[in-house]
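Thanks for passing this one along. Here are my notes, set out as numbered points so you can follow them with the model open beside you.

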Amino acid sequence: MNRQRPFILPLLILAVMLCATWLVWDHERQNSRKELRSQFDFLLRETVSRVEQRMAGYEQMLRGVQGLFATTDVMDRDNFRTYIDTLQLDANFSGIQAIGIIEWVPEVRKKAHVAALHRLGHATYAITPAGQRDTYTPIVQLEPNTDSNRALSGLDQWPDPVQRLAMEKARDTGMPAVSGMLRLAVDKETDAQPGFMMYLPIYAKGQQHDSQATRRTHLTGWIFAAFNMHNLIASLYGEQLPGVALAIYDDIEPSPATLLYSSFGGRVPKRSSGISANEYLVVAGHTWMLSMSTNGNFDARFGRNAKTLIVVAGSSLSLILALLAWSLANSRAHAMRLATTMTWELHQQIDEYKVVQKLMLQAEESLGESNRKLETLSITDGLTGIANRRCFDEVLAKEYARHARSGAELSLILLDIDHFKAFNDSYGHVKGDECLRQIAQVIADCATRDPDLAARYGGEEFACILPETDLNGAIAIAEKIRRGIIARAIPHKGSNVAKHVTASLGVATMHCAADKSFLTILSRVDELLYRAKASGRNRVEFVTAGSGVETTAGEGNENLVQLVWKDSYCCGNRLIDSQHQSLFQIANELFEAVLSGSTTTEISSIISSLLEAVSQHFRDEEAILESVAFPGIELHKTEHATLLAKGLDLSHLFEASTLSVGALFQFLAHDVVMVHMLGADREYVSFINKEKRIDTEDVISSS
Amino acid sequence: MFTPVITSITNLCLGCLLLVLCSLSSEAADGPDCSRPFTLALHEHGLLYSADTNTGIDKDFSDELIRRSGCKVNVNVMPRARIWQLIESGALDFSLSGITNSERNRFAAFAWYFSNKYYLLVRKDANVKQLADLDRNDHFQLGVIRSFRYGESANRLVDRLQAANRVSQANGLAPLYQTLFLNRIQGMIIEPFDSSALEEKKLSAITNLIEFNDPAVPHGLIMSKKSLTFAEQKKWRDIVNTMRSDGTVRRIFEKYFTSDIATAMTDFQTPP
């Protein structure tokens, strides 16, 4: 249906236009036909009128002759000839072959009649055909007076019924009478054309002829004219009528036998498909049938030729309009199809987009899930399943800041498994890992509040952040953890504390300062943890108000970590002791710079100074040891090189902003001071001093 | 004693003579202007006029009209179409039994003296019982006299058939009778004064008459407006009206028709 639609309108327009063309064509055809008919009627009327007029003229001419004999004697031949000459019948009257006089001669007057004509000089005159009859109607004079016409003198008309009928009619009515068709005696040609005679009676001079009886009684003869029909019509129209075939028949029956005249080569015209009409003419009491029909020339001459133009122009216009409409409809249909296709494609694209969007959402969800997993993984310790160090640092930083704003107390527990290295050595790393998982589980089970966070701090160290928790609460939780670990009864044969795994815990609680970092509480709890370990392990160390711990919160350095030099640290060698003290001082400067948030450049400068001082100290120390021939000098040198290398690495890490304060503190306080200065150096100091002893438990204290 | 009687008789005779003279002078004063000869044409048409017998209604009417006018009038016979042409040109002054239409009113004036209906004379073998049957017979040819007009529906019929090439014309009635008899035409329109010819032409037995539904159409003296002034037309119309009112017209018709037909034809309301 949709495919047919573009053709409906063009076909409709074509049909309407063709109908309109047909209507105009038909209208033009009818008008043309009416016009042709009108032209034809006019031509027919004109033809009839011309024939009637011409015949009326001939009648009038014979009436003139009749008038002549009304005043003169019938036998006055000279007067008659003079009169005819006076008529001057020229080519305009070429239809007339002859005009003559017939005398009415009863049998009783025949001899006298012939004798009279003999006396007039017609010596051979005789009535023909010969024979005795009641009445004779011989031609007594025929003009023009040619030899051939003179030969017709005496020819009796009466025996011919055609002529006799006309003569009787003229005699009885006193009016002109035309005969039927005949071959004229005056026409000597072998192909003589049809002709007719017109008679007018002559009555005796001075006698009444107002009735048929008196006319018959006083008839003396006839005047007649002989007509050649072809010449008569040709004198009216010439040989050819324009665009029509004209035929005149004698009487009313059209047939070759009655054909008086034909413009169609002397033959009966063929029946044409054009306009035709018959008209019956009563001419001088005799009827002719005039038949006229048109031929193609008539249409060409008088018709209008707009029909073909209308058909061609109308059909062309119809086709052009239909094609135009088809083109427009097709364009519209094409546009509609294109629009439909584009709409369909758009819907397809929308559907596809929805699918893609759905997939993207799914991917996004999947990605989110992955991210969440990654996030979880990134903040979860893979071994124990509790928070890792990274998460711990972030949470602690946030909580510290939050507590600094709120003024609430923040507690932190730091835990270290006692002699865990020995545990690993005894039971292997698998058991070690299992031990770590169990310890983590204990901590997680004890720190159950929503904001609490249990985390693996590193190695066998664990931490627990207890927001908005005071010291007693934190101690309770720490003690619960310590006991929970003991309750697990994890065997530990390498421990000198107990047969089972134990842990040392430090608990720190403080009001956070807005201008300090979380390292403050971290340093404190770390210190307490070491105190717990130093105090025999398997315990919880914390600071209370009456424990002698100084709080310097009001002086601004309450949390400062410092290395405190004691006299007991002196080895007796003045240079070494002074260098050790100088190193303590530079290290403290470094701590202060780090903890007070000094610039990287400043810290870096201090580190450089420290490393330079350490390097110088190592060189001097090695020189002294060499001078005293210390036996462990090579090992000592190696340790110096290791420490110096580590110090340089830390310096690089610091410059790369990847060094934590804890690592720095570990290096300076632990590796350099405690292990090396107060450990390794003691060996050569004792070698030098022999008696001097250093109590390592008093090295570090909180100020 | 005789003298007064003679005187009285003489006076009476003189009075009568005076009365006659006055009457004559009065008639001459109201009659048409006869200072020139007039022309009047007859046409052969049934009882109206026959050239063969030189008689007919129109011949009688024209004789009486000419007699009453006192004018010299040359009478001749010619075809009807020719008559109308000459009336229009003014070459012919009078003709008879004419009917009018808008075109003829332009050049001709009329003095009505009879009225009649038109009839369609059809051959029985043409199977035409009523006018509507003509539409079903494509071979029907109608014969008419050139320039003749009829009533409204008869005119429509003639025009329609003529446009369809189905009309044969003649300048007289006689050829139409002949052609109808020979079945060259199947019908012709006739008037009551044509009916007598049917017997003569042996047509009664083979034809039927169908009456047109038009009212009777008045016929009258045709006067050329070009040759006669309006005043002269009125004088000739007065003569005709007098012939009607004094019964002359009816008496002429009674010569050719029965009394009731003659009365029906001559007793009609003159159109304005």
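**Notes on the model**

1. Let me start with how chain B is connected. Taking its contacts between residues at least 6 apart in sequence, 75% join residues at least 24 apart. The secondary structure of this chain comprises ten helices and ten strands. Please keep in mind throughout that this is a predicted model.

2. On confidence, chain B has a mean pLDDT of 85, with 89% of its residues at 70 or more. Two stretches deserve caution. Over residues 1-10 of chain B, pLDDT stays under 50, and the model has zero contacts there beyond four places in sequence. Residues 12-28 of chain B also stay under 50, again with zero contacts beyond four places in sequence. I would read nothing into the drawn path of either stretch.

3. Burial and surface for chain B: 49% of its 272 residues count as buried. Its accessible surface is about 13100 Å², and carbon and sulfur atoms account for 56% of that area.

4. Which residues touch the most other members of the largest nonpolar core? They are M55(A), I99(A), I233(A) and W288(A), in a core of 50 residues. Helix α1 of chain A, spanning residues 5-71, is the element that gives the most to this core, with twelve residues. A second core, separate from that one, has 40 residues, and includes A247(A) as well as I190(B), L203(B) and I210(B).

5. Helix α1 of chain A also turns up at the surface. F7(A) lies in this helix, and together with L11(A), L323(A) and W326(A) makes a nonpolar surface patch of about 420 Å². The elements giving two or more residues to the patch are α1 and α9 (306-379) of chain A. F7(A) itself has a relative accessible area of 43%; because this lies between the 20% and 50% cut-offs, F7(A) counts as partly exposed.

6. Now the charged pairs. Side chains of opposite charge can pair when their charged atoms come close. Over all chains, the structure holds 39 salt bridges. One of them joins D452(A) and R449(A), at 2.9 Å from N to O. Here D452(A) is buried, at 9% relative accessibility, whereas R449(A) is partly exposed, at 36%.

7. In chain B, how far apart are the closest N and O atoms of E64(B) and R68(B)? The distance is 2.8 Å, and the two residues form a salt bridge. Both sit in helix α2 (residues 57-69) of chain B, and because they are four residues apart, about one helical turn separates them. E64(B) counts as buried at 16% relative accessibility, while R68(B), with a relative accessible area of 22%, is partly exposed. This pair belongs to a wider set: E64(B), R67(B), R68(B) and D246(B) are linked in a network of salt bridges.

8. Another pair to look at is K235(B) with E232(B), whose side chains meet in a salt bridge at 3.2 Å, N to O. These two residues lie in helix α8 (residues 230-245) of chain B, three residues apart, or about one turn of the helix. Is E232(B) buried or exposed? With a relative accessible area of 11%, E232(B) is buried; its partner K235(B), at 25% relative accessibility, is partly exposed.

Conventions. Residues are numbered from 1 along each chain as its sequence is written. Chains are lettered from A and ligands numbered from 1 in the order in which they are written. This is a predicted model: local features need pLDDT of at least 70, side-chain atom pairs count only at pLDDT 80 or more; totals for chains, interfaces and linings use all residues. Side-chain values use heavy atoms; hydrogens and water are left out. A nonpolar core is a set of buried Ala, Val, Leu, Ile, Met, Phe, Trp, Tyr and Cys residues joined through side-chain atoms within 4.5 Å. Buried means under 20% relative accessible area, exposed over 50%, partly exposed in between (1.4 Å probe, protein chains only). Contact means heavy atoms within 4.5 Å. Accessible areas come from the Shrake-Rupley method with a 1.4 Å probe; for residues, only the protein chains shown count as cover. pLDDT is the predictor's confidence in each residue, from 0 to 100. A salt bridge is a side-chain nitrogen of Lys or Arg within 4 Å of a carboxyl oxygen of Asp or Glu. Patches are made of residues with over 30% relative accessible area and no salt bridge: like charges are joined within 9 Å, nonpolar side chains (Val, Leu, Ile, Met, Phe, Trp, Tyr) within 5 Å.
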